[in-house]
Amino acid sequence: MKELILVIAKALVDHPEDVRVNEREDDRGTVYELSVHADDIGKVIGKQGRIAKAMRAVVTSAAIKSQKRVIVDIIS
């Protein structure tokens, strides 16, 4: 899952070397914290959050096989 988020995020940003994904367990499920360069935060979120919603939808769909709840948080 972590690799999937990295591939998607690196394709969207201008500074792919600054893309980081941290994984942690929470009471909500598995939380992936996506960290990008400050200049690229808008590219990852998109207009009205459309790109972020699409990324979350892809990751959630991929997580169905493992039957775990997956959350993607975007931080700068």
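**Exercise 1. Find which residues V36 is in contact with, leaving aside its neighbours within four places in sequence.**

Start with the cut-off: contact means heavy atoms within 4.5 Å. Next, set aside the neighbours of V36 within four places in sequence. That leaves V13, D18, V19, I41, V44, I75 and S76.

A word on what you're looking at: this is a predicted model, where local features need pLDDT of at least 70, side-chain atom pairs count only at pLDDT 80 or more, and totals for chains, interfaces and linings use all residues. Residues are numbered from 1 along each chain as its sequence is written, and side-chain values use heavy atoms, with hydrogens and water left out.

**Exercise 2. Work out which members of the largest nonpolar core touch the most other members.**

First, the terms. A nonpolar core is a set of buried Ala, Val, Leu, Ile, Met, Phe, Trp, Tyr and Cys residues joined through side-chain atoms within 4.5 Å. Buried means under 20% relative accessible area, exposed over 50%, and partly exposed in between (1.4 Å probe, protein chains only).

Now look at the core itself, which has 16 residues. I5, V19, L34, V36 and V44 touch the most other members. Helix 1, strand 2, helix 3 and strand 3 are the elements that give two or more residues to this core. Helix 3 supplies the largest share, 4 residues.

**Exercise 3. Write down the order of the elements from the N terminus on.**

Helices (H or I, at least four residues) and strands (E, at least two) are DSSP runs, numbered from the N terminus. The protein chain has 3 helices and 3 strands. Read along the chain, they go α-β-β-α-α-β.

**Exercise 4. Check the span of helix 3 and find its buried side.**

Begin with the span: the rule is 1.5 Å times one less than the number of residues. For the 14 residues of helix 3 (residues 50–63), that should give 20 Å, and the end C-alpha atoms are indeed 20 Å apart, so the two agree.

Then pick out the buried residues of helix 3: A52, M55, V59 and A63. They cover an arc of only 75° around the axis (taken from the directions from the helix axis to the C-beta atoms), which puts them on the same side of helix 3. In general, an α-helix has 3.6 residues a turn, so residues three or four places apart point the same way.

Finally, look at both sides. The buried residues of helix 3 pack against helix 1 (2–12), strand 2 (29–35), helix 2 (41–45) and strand 3 (70–75). The face turned away from the buried side of helix 3 carries the exposed residues R50 and K53.
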